[in-house]
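Welcome! Here is a short tour of some unusual backbone spots, with the sequence and structure to follow along.

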Amino acid sequence: MSWDYNTSLNRVETHLQNMGEIEVEKLVRDADLHNLLSETCCRDIYGAHVYVDIPNFADLATLTTEGEDYRRVIQALHIYEREVARLVEEEVFDGVRIHFQGAKLHALFFRPIDDSEKIAARAVLLQAVVRHFVCCIFNPEFPKLPNLSVSGGAALGNAIGTKNGHRGDRELLFLGAPANYAAKIMTGTDTLRITTDVYDALPESLQDYFVALEDDRMGITVYDMGSISLEDLDALLQTYGISWDRAASLQRIKDDKANFPLNKIEYSDAEVSIDMDSLGIRNNKRVLAASVFGDVSGFTAYIDKAAEENNAKAALRVLHAIRKEMASIVKHDFAGIRVQFQGDRVQALFHLPKGDEKRIAARAVDTAVALQSAMELVIKKVLPEASELGMAVGSSVGVTLVSKLGTHGNRDRVCIGDSVEDAATYQEGSAGGQIAIPAQIHANLDEDLQKLFVWNEERALYIATSLTQDKVERARKASMFKQAVHVASGAQGIYVSSQATAGSRSFVPSSSFAE
């Protein structure tokens, strides 16, 4: 398993040749986005992007003792996602459930078309309803779990919607500031936040529930939602025609608990590569795994600028080329699991060989290096217009719950655990061209690769910058040459032929050294 320059170059060039003409038009009427959007049929959509997360689930999936308690966590996660999906889409909020990223919902509101007040109000009220639902309905139904808390973020504006992937594995993707900022303003604590664009679109009756504050991380003003009484929430829902029935929601939770009892929920480790599509509430995996997040750094500004200059088609062509190559690297070059795409970010999982942390960690880092290599050595060669973009990668390893949860026919691949959240955080804190890993992964790499990472005291991580396969290869050859010199001088070591220093474009993965 390895990344090869020529193979990668051929894949990218072939994809570009077969891509077809991309169409980007403004969405001017209601449509089923799942059926409308494709790799070449894209739409500029004015809407509110909303993220709602339950941060507790990551800790529960990692730290809960195996047995009945762990099955209860799986049951709760599954039932939570089923009900929240219903709230978003089934005639309650009339939104679009894009997907769950673990326990984090990404939803879109774009109806009524271009009606900023109603769209913004629905984004805000969804957050308020989910907070009330979790506090007053869900938590009491799961008294043996710690009380779950809700974190949320919402942003309003134009984003380009597209859909790509392989047959049976296609996902909605949204590119632009609203889809990005809605996630970035979340804090991971019990807070619900909105951007200035959402706040300005709200009527005064809703603005009164928010307090302005500065987000030092992003350098922007955000608004924090205060508490909303039950009576006020009901009045606001009625004003905006949102008919949420608490009693019906509670009954669905009770029905789901009866339909998916603890004794019917199974989980196990995995000896072979996990088939994500075979998983569900009754069949889950709990594995030692490395999570990898690779993000196209700078792409939000890149696509926004391209849209302003009427050049969005070219930017989307770049994205599609990067996206498909990222998937190929994960699945074909390193036999990993491409969990999902999150805008311009790929999430991958590596869990084999079973329980072998050293080789799992090495494979994750090999993949990170390959992602950097594809961006710097291939993508920028074939598509010079991508020169200002970079690849930011984060990885971490730990116990991970792997499943496919949600409502029938509309389920999401999910990987949940502290290491998943850590990997995402490491990536988000990295600049283009950086790979960030914790000491736990660094300790599992061979010495030659370890030396290419530098300890960052402020982040408490090892960082490699501009680390591509040619640099790794040169480092290995230099090490092998030194070993050969020691052998020739009579020191103990291994014999290395003079061919060890010959030039080559093939990539020697660190995982092969671990083996």
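## A serine in a loop

S466 sits in the loop that runs between β18 (461-465) and α17 (469-488). This is a predicted model, and in it S466 has a positive phi of about 55° although the residue is not a glycine. That is worth a look, because most residues other than glycine have a negative phi.

How exposed is S466? Its relative accessibility is 34%, and partly exposed covers the range between under 20% (buried) and over 50% (exposed), so S466 counts as partly exposed.

## An asparagine between two helices

Now move to N310, which you will find in the loop between α11 (299-308) and α12 (312-333). Here, too, phi is positive in a residue other than glycine, with a value near 55°.

Is N310 buried or exposed? The relative accessibility of N310 is 74%. Exposed means over 50%, so N310 counts as exposed.

## Two cis peptide bonds

The next stops are about peptide bonds. Most peptide bonds are trans, which makes the following cis bonds good places to pause.

One of them links R111 to P112, with omega near -5°. P112 belongs to the loop between β4 (104-109) and α5 (116-141).

Where is the proline of the cis bond from L352 to P353? P353 lies in the loop that separates β13 (345-350) from α13 (357-382). For the bond from L352 to P353, omega is near -5°.

Technical notes:
Residues numbered from 1 in each chain as written. Predicted model: local features only at pLDDT ≥ 70, side-chain atom pairs only at ≥ 80, totals over all residues. Heavy atoms only, no water. Helix = DSSP H or I, 4+ residues; strand = E, 2+ residues; numbered from the N terminus. Buried < 20%, exposed > 50% of the residue type's maximum accessible area, 1.4 Å probe, protein only.
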